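Biologist: I would like a close look at one part of this protein, explained slowly enough that a first-year student can follow it.

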Amino acid sequence: MGPSGALRDAAVHIKDGEIAAVESYERLSAALPQVQVVGDGTGIVLPGLVNTHTHLSEAFLAGLGSDLPLFTWGQEIITPAGRHLTREMAREGSVLKVAELIRSGVTCINDMFVHGNPDSYASLGVAEGLALTGMRGVVSFGAEDAVGGLCDTEGLGVSRILDEQEALFEIASSNALVGFRYGIGTLLGQSDELLAAGAALCHDRDWGIHTHLAEVNEELLEARERWGHRTIDHAESLGILSSRLLAAHVIWVTESDIELLAERSVSVAHNPVANMILGSGVCPVTQLQAAGLAVGIGTDGAASNDSQNMLEAVKATSLLQKVHHTNPAILPAQKTLEMATIDGARALGLEHEIGSLELGKRADVVLAGGTAELATIHDPYQQIVYCTSPRSISDVWIDGHQVLRACELVAIDEDKQIDRCRPLAESLTRDAGLQQRGWSWLSTT
Ligand SMILES: [Zn+2]
């Protein structure tokens, strides 16, 4: 994914958390005879995948109301669950989902916490979960305080929401692997007071912003009703587009919108699986790329994907564009893999640290192979994008630390984590009334 392109019979030397060399295995092994070698020469070494949009805190909500339209789903499932989602649930759920993400080759996550629990700064649990697992990431709190918002946290109040933003920024700042963005769940979900206060705060603190933007057509219609113009126009009027904005989805846009987003250096997180599950529409990926925008790939949350399998999102990115344009060449496998690595890093402003296997970058590295699906390698790009499933991901390093070794998670005890999470999911769905309303098969009785 760097300027050298793909190398055959090569190896990556990891030292002190950094990529110390990328070159011929023969030369490297001769020069470094004492260094441990992982891999047998038949696999593919690639940069860790960058998941540019997810909601780890939705860990316990997979499978709930997935066939509902976006706004109904938000009000029926996400809003009631969010009010009862504690910091402990956010932390333990994040660890659970990080296990799933590591197994699909992810080494960096851009997360947005979209709930609002009046009794707890629950968003901080996500940063704690990342720290427990050694995962690299960026955290945000996408609070919403408008009546009828997608993740309605009405009643928290503007100052309480901004306090939690500060607290999340503080905890993120204590971990070298974790960054922070100011979250706006959706523009429509925020009161005008919170939107203005947040935009001013981001300007003062030089905080980048993460939001969902132009995801469904209803969003444009409701925005027109409320402000007399669409959400992109409203974001522009508040200076949000100019605040290092990473926007998730960006489906319902015109050519002039795309020009404006490019002028403002907005980045995009494309979430094909969630877009298809929710029937949201097709992101104009290639038009955004042609205009110069960095477009990364995201799984989106466990409540709207519902999987956290990044490899599935990578494959779906390519397939959705091919079928939409009835053109198999519209988005080649190499470009798709760039989106999942270096373009994702660029979307997060981390392209100088991660996203490619280049000398001096942090060692976020994945080794795939050893399975029937990757038994013969003819083209590594096509076979990662179209043939690879999590069972082919054998080893993963984040910042030089091995987090998956020979298909075994190093820092996470998956069985124990499942045991820890089941009762939390049961109490969440019970307290939120989701069991009683027939949404969940979980039951405490
Ligand atoms: Zn989302």
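Biologist: What volume does the second largest pocket have? Please take me around its lining, and then follow one of the strands there outward into its surroundings.

Modeller: Please keep in mind that this is a predicted model, and that the pocket is described from the protein atoms alone. The second largest pocket has a volume of about 430 Å³, and among the 29 residues that line it, R181, R244, L348, G349 and L350 are the closest to its centre. Sorted by class, the lining is made of 15 nonpolar residues, seven polar ones and seven charged ones. Several elements contribute two or more residues to this lining, namely the strands β6 (136-141), β7 (178-180) and β10 (245-249), together with the helices α5 (158-173) and α14 (342-347).

Let us now stay with β6. Six of its six residues are buried, so β6 is largely enclosed by the rest of the structure. In a regular strand the side chains alternate between the two faces of the sheet. This can be followed residue by residue here, since R136, V138 and S140 point one way from β6, while G137, V139 and F141 point the other way, and all of them are buried. To say that a residue is buried is to say that its relative accessible area is under 20%. Strand β6 also has a parallel neighbour, β5 (residues 106-113), to which it is joined by six bridges. One position where the two strands meet is I109, which stands opposite G137 in β6.

For contrast in the direction of pairing, turn to another sheet, an open one in which five antiparallel strands follow the order β3-β13-β14-β15-β16. Its edges are taken by β3 (44-47) and β16 (408-409), and each of these has a single partner strand, so one side of each is left without a neighbour in the sheet. The partner of β3 is β13 (residues 365-368), which runs antiparallel to it and is joined to it by four bridges; within this pair, V45 has L367 in β13 as its bridge partner.

Finally, the model holds a zinc ion, whose protein donors are H53 (NE2), H55 (NE2), H212 (NE2) and D300 (OD), at 2.1 to 2.4 Å from it. The angles among these four donor atoms range from 87 to 175°, and the site is irregular. H55 lies in the loop between β4 (49-54) and α2 (70-84), and D300 in the loop between β12 (295-297) and α12 (310-325), so the pair ties together parts that are 245 residues apart in sequence. Both H55 and D300 are buried.

Technical notes:
Residues numbered from 1 in each chain as written. Predicted model: local features only at pLDDT ≥ 70, side-chain atom pairs only at ≥ 80, totals over all residues. Heavy atoms only, no water. Donors = N, O, S within 2.8 Å, 3.2 Å for Na, K, Ca; no water. Tetrahedral: all angles 85-135°; square planar, octahedral: opposite > 155°, others 65-115°. Buried < 20%, exposed > 50% of the residue type's maximum accessible area, 1.4 Å probe, protein only. 1 Å grid on protein atoms, 1.4 Å probe; cavity = no way out; pocket = protein on both sides within 12 Å on 5 of 7 lines; lining within 4 Å. Points joined across faces, edges and corners; volume = space filled by probe spheres on them. Nonpolar A, V, L, I, M, F, W, Y, C, P; charged D, E, K, R; others polar. Pairing = 2+ DSSP bridges.
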